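Open your viewer and keep the sequence panel beside it. We will move from the whole chain to single residues, selecting as we go.

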Amino acid sequence: MEMTLTALTLSAAVFCATMTVTPGPNNLLLAQSGANFGVRQSVRHIVGIRLGTTSLHLAMLLGLGALFEGFPLLHQVLKTLSLAYLLWLAYKIATAPLGGQSTSGRSKPIGVLEAAMFQWINPKSWLAVMTLCSAFTLAGEAYWLSALVMVLVFNVVGLPASFTWVVLGQAIGRFLHTPGRQRAFNQLMAVALLLTLPMILM
């Protein structure tokens, strides 16, 4: 079992790296936060993401997935909330004030609770967690051990990936000193966020 779990863990690490490094709602918002507020003030956002995905992961292991299978309407409600929230975020970013305001139109970065709650309507987080709970767990007595290892792997891989996007955003933020550049960055980020909508509509 140990060799099987080791191989499974390595495969899961590759999967988690793919899910956490590639563009998605979380990473676009982290880049936005890095550009606006820098790395230090974005740490709460990163912590919130990890806490939110972990709580979603544990809830799924404890039977949330079965609840959605039994009540498909709940899944549709989640998709509708996800769509509405991402559309609202894209609008706020695209129409954010220029000049003295931050490029996201916020006076402070996203906090721990807000970032954690967002994971419960973030389609990419759901996809990652559902895959980890199904494809990357072992059957029988080894199920819970492998499932908890996946929770750990998701966080170990996801944490540096999140910091990477914040650092990238901070580097971009150094060039946003004119209203024209700020406007272009806002619009680019809004469009990028809209491009994640197919994940919800599938």
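Accessible areas here come from the Shrake-Rupley method with a 1.4 Å probe, and for residues only the protein chains shown count as cover. With that in hand, show the surface of the whole protein: about 10400 Å² is accessible, and carbon and sulfur atoms hold 72% of it.

Two notes before you click. This is a predicted model, where local features need pLDDT of at least 70, side-chain atom pairs count only at pLDDT 80 or more, and totals for chains, interfaces and linings use all residues. Residues are numbered from 1 along each chain as its sequence is written, and side-chain values use heavy atoms, with hydrogens and water left out.

**Stop 1: the whole chain**

Switch to cartoon. What helices and strands does the protein have? There are eight helices and zero strands. Both are DSSP runs, numbered from the N terminus: helices are H or I with at least four residues, strands are E with at least two. Along the sequence the pattern reads α-α-α-α-α-α-α-α.

Now colour by burial. Buried means under 20% relative accessible area, exposed means over 50%, and partly exposed lies in between (1.4 Å probe, protein chains only). Of the 202 residues, 49% are buried.

Contacts come next; a contact means heavy atoms within 4.5 Å. Take the contacts between residues at least 6 apart in sequence: 85% of them join residues at least 24 apart.

**Stop 2: a patch on the surface**

Select Leu-58, Leu-62, Trp-144 and Leu-148. Together they form a nonpolar surface patch with about 430 Å² of accessible area. Patch residues have over 30% relative accessible area and no salt bridge; like charges are joined within 9 Å, and nonpolar side chains (Val, Leu, Ile, Met, Phe, Trp, Tyr) within 5 Å. A salt bridge is a side-chain nitrogen of Lys or Arg within 4 Å of a carboxyl oxygen of Asp or Glu.

Which helices supply the patch? α2 (25-70) and α6 (143-173) each give at least two residues. Click Leu-62, in helix α2. Leu-62 counts as exposed because its relative accessibility is 70%.

**Stop 3: two helices crossing**

Select α5 (residues 123-134) and α6. Their axes come within 9 Å and cross at roughly 150°. Show the side chains at the contact: Ala-128, Val-129, Leu-132 and Cys-133 from α5, with Tyr-143, Met-150 and Phe-154 from α6. Axes are lines fitted to C-alpha atoms, for helices over the stretch in contact, and angles run from 0 to 180 degrees between N-to-C directions.

**Stop 4: along α2**

Go to Gln-41, in helix α2. Is Gln-41 buried, exposed or partly exposed? Gln-41 is partly exposed, because its relative accessible area is 42%. Draw a line to Gly-111: the two residues are 70 apart along the chain, and their C-alpha atoms are separated by 9.4 Å.

Select Phe-37, also found in helix α2. At 15% relative accessibility, Phe-37 is buried. Lys-108 is 71 residues away in sequence, yet 7.6 Å from Phe-37, C-alpha to C-alpha.

**Stop 5: Asn-26 and Phe-118**

Asn-26 is in helix α2 and is buried at 12% relative accessibility. Beyond its neighbours within four places in sequence, Asn-26 contacts Ile-49, Phe-118, Gln-119, Asn-122 and Ser-125.

Finish on Phe-118, in helix α4 (residues 112-118). Phe-118 is buried at 6% relative accessibility. Outside its neighbours within four places in sequence, the contacts of Phe-118 are Pro-25, Asn-26, Leu-29, Tyr-85 and Leu-86. The C-alpha atoms of Phe-118 and Tyr-85 are separated by 9.1 Å.
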